[in-house]
Protein chains: 2
Amino acid sequence: MSKSRTSIVDIARAAGVSKSTVSLVLQGSPLVHEKTREKVNTIIGDLGYVYNRGAANLRQSRSKIIGIVVNDLTNSFFAELAVGMDMMVQSAGYVQFLAHSGESVDRQREVISSMRENGIAGLILSPARGTEVGDIKPLADSGIPVVVVVRNVPGAKVSRLISDNYAGAKAAIRHLISLGHSRIAFMGGFVDTAVFGERLRGYVDALLEANIPFAEELVIHSAPSRAGGVAAVERMMVFAERPTAALCLNDAVAFGVCDGLRSNNIEPGKGFGIIGFDDVIEAKTAVPALTTISVDPQGMGQRAAQLVLKQINAGQNIPESIVTSVRLVVRQSCGAPVKQLEELA
Amino acid sequence: MSKSRTSIVDIARAAGVSKSTVSLVLQGSPLVHEKTREKVNTIIGDLGYVYNRGAANLRQSRSKIIGIVVNDLTNSFFAELAVGMDMMVQSAGYVQFLAHSGESVDRQREVISSMRENGIAGLILSPARGTEVGDIKPLADSGIPVVVVVRNVPGAKVSRLISDNYAGAKAAIRHLISLGHSRIAFMGGFVDTAVFGERLRGYVDALLEANIPFAEELVIHSAPSRAGGVAAVERMMVFAERPTAALCLNDAVAFGVCDGLRSNNIEPGKGFGIIGFDDVIEAKTAVPALTTISVDPQGMGQRAAQLVLKQINAGQNIPESIVTSVRLVVRQSCGAPVKQLEELA
DNA sequence: TGACGAATTTGGAACGTTCCAATTATATAG
DNA sequence: CTATATAATTGGAACGTTCCAAATTCGTCA
């Protein structure tokens, strides 16, 4: 129940040295004599002193806080992304403000400005749908490194880390075509995100490449969630000529599509080929195991954190764009004979 | 590229008033004249001033930061818990340090001490397995409100918010018995968490209550994850006399059990009754829809945040224990004729 | 012993805010 | 026009640290 936090001068007094010496000890400076260091350290332990990082920041105006804003933590893709960042950030001796915008740009704006007031050294942003340049410009202008992940923010002059959505979608469709499918749907999502656009483009180009005409009605929009997948199947069921396979916007949608097919007595992977996108952790153990494009969200999170840390240390802020490569992981849901060994667990 | 952050005195100078006045404006004090307020506010806008909350904390030593440590963000139960907290914390004008301990007590300790240095006003902890009193005592002793959620930390004199695991498990087993099951397994988890113990106790008591003897071998331990559920089924398949239903430690295990059954050509909900625990968001849309004990993680998160906020505002720190009630949500996976309307979406 | 360089230690100003007591401006009443 | 209450503003100390320049102590060598 100490009335006021014990400070550096309290322990200085107790140790019979000056506050400067204590400060030196705290930062592990080689300037202080071994005996003095010991004495100070024991006193620190005895008095239960806790370092006040806020006060230190005030003086040296470089904090050890990294802001992370994620659009949807309940989606396991983003949760893993966040965990990857967390690992990297922690082990670099930083600490994080992690907030969830829930796809609301207003909330996102509030959160970012609050982080700014709290003096973050850098920001990693997985933007909410509809994020605009103006939402991040002030931060970036004031010299704080910003890294945008997963989704692009068009026009923003900041670093980005995006997975190769185009190539991934293309690989998926090629695989389905090689299995003999020609009526292939694209399920889930709306045109409002860059991710959607890129994946759709890969889908279209792979079809054209195989001389399969692109049919507008096979793009079935829905929420990018498990429930959205179910809804997409419902809409598909009324088609006169039904597709025989689908590429889904992400794994969540793909699981929903499996659910929806089962409700219609179609066994996913048997009567209908499904490919997801992201390779979330459940993809491997689901039944049927989901064929998907592996994006390695945790790895992406780590790289994003590394990128922002690098920029913080560099001091200067040269935007950098990284496109991370993805790979097709063939499992059971596309109905292929498993031709490729499952990656090691 | 401003060299140094513009401060309150910069804008004071520009507005031709004293820094005190600017400070007053910033806190919306009624003491300042309307005209002055306007003038100051426009200058603030023009100069792109950003408030330095750190400096303010230094003076008034009450921060607006709440620390949240979650053991596993990739588990959607905990992710939703975190989101619930986030909502409450943000709307109370606080900001959060959210960290992920990954079930490591060491990492958890580091994270907590780092939060402490950064001056949190309160802490919400969903403890890693094996957390001990000593891990939170120093914080609590220094007068910072601590709320422990989901899992108990035995012996800690802090507030807790736990769901009624005992009653939930009991309700689940009663339901299975009412459907005619008598050989019922308990799947997933190890004895190392309080949650496991409480749920198992509910399971046992409900059996005894119905004069069904408790059989040790029907408690099938496994990792509390989807993969663990699959593993548990494998172990069950070799039993001479197989159970006809199972209560799972949580929904993740339950999904894994469904997967495992399907691999063995048993249709979950038909040949075998399954009840989960937690009611994560996917439980409703999965096929078969999962019968489970609804714990409302997001609601729990909100309540936990409210509790810690209350304690922060109260100043004093009287530990409070809240047991939140749970309810059985009957869906398809237990094979019951759906006798109760699905809750509204 | 005195001097000199290296090793340690130290006082005080700064960082950007809040808060208090004190001051100044403005309005009201006599 | 003065006295007085009220409204608005203000200077300076304080919060806990870092950093710098300066001071002190120590050891060594002539």
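Of the atoms of DNA strand D within 4 Å of the protein, what percentage belong to sugar or phosphate? In this predicted model, the share is 65%, and the rest belong to bases. The corresponding atoms of DNA strand C divide into 66% from sugar or phosphate and the remainder from bases. With the backbone and base shares in hand, it helps to look at each strand in turn and then at the two protein chains.

Around DNA strand D there are 28 residues, the closest being Ile8(A), Ser23(A), Tyr49(A), Arg59(A) and Thr36(B). Both protein chains take part in this surface: α2 and α4 of chain A, along with α2 and α4 of chain B, each provide at least two residues. The largest share is that of α4(A), with 5 residues. By residue class, the surface near DNA strand D holds 11 nonpolar, 11 polar and 6 charged residues. Several polar side chains approach the strand. The side chain of Arg62(A) places an N or O atom 3.1 Å from a phosphate oxygen of DNA strand D, and Thr21(B) has a side-chain N or O atom 2.7 Å from a phosphate oxygen of the strand. A base oxygen is reached too, with 2.8 Å separating it from an N or O atom in the side chain of Ser20(B).

DNA strand C is likewise surrounded by 28 residues, and here the closest are Thr36(A), Ile8(B), Ser23(B), Tyr49(B) and Arg59(B). Helices α2 (19-26) and α4 (53-60) of chain A and α2 (19-26) and α4 (53-60) of chain B each contribute at least two residues to the surface near this strand. In this case α4(B) gives the most, namely 5 residues. The surface near DNA strand C is made up of 11 nonpolar, 11 polar and 6 charged residues. Turning to individual distances, a side-chain N or O atom of Tyr49(B) sits 2.3 Å from a phosphate oxygen of DNA strand C. Two further side chains address the bases: Arg59(B) has a polar side-chain atom 2.3 Å from a base oxygen of the strand, while an N or O atom in the side chain of Ser20(A) is 2.8 Å from a base oxygen.

The next topic is how the protein chains meet each other. Contacts join 41 residues of chain B to 42 residues of chain A. About 4,000 Å² is buried between the two chains, with 59% of that area on carbon and sulfur atoms. There are 4 salt bridges between chain B and chain A, including one in which the side chains of Arg107(A) and Asp86(B) come together at 3.7 Å, N to O. The side of chain B that touches chain A draws at least two residues from each of α4, α5 (76-91), β2 (95-100), α6 (105-117), α10 (226-237) and α11 (251-263). That side comprises 18 nonpolar, 11 polar and 12 charged residues.

Finally, what turn lays chain B on chain A? A turn of 180°, with a shift of 0.1 Å along the axis, superposes the chains with an RMSD of 0.1 Å. The two copies are therefore related as by a two-fold rotation axis. Within chain B, the C-alpha nearest that axis belongs to Phe97(B), at 2.3 Å. Because 100% of the interface residues of chain B are also interface residues in chain A, the copies meet through the same surface.

How values were computed:
Residues numbered from 1 in each chain as written. Chains lettered and ligands numbered in written order. Predicted model: local features only at pLDDT ≥ 70, side-chain atom pairs only at ≥ 80, totals over all residues. Heavy atoms only, no water. Near = heavy atom within 4 Å. Polar contact = N/O pair within 3.5 Å; in protein donor to acceptor, adjacent residues only side chain to side chain. Helix = DSSP H or I, 4+ residues; strand = E, 2+ residues; numbered from the N terminus. Nonpolar A, V, L, I, M, F, W, Y, C, P; charged D, E, K, R; others polar. Contact = heavy atoms within 4.5 Å. Buried area = accessible area lost by both parts, 1.4 Å probe. Least-squares fit on C-alpha atoms with pLDDT ≥ 70 in both.
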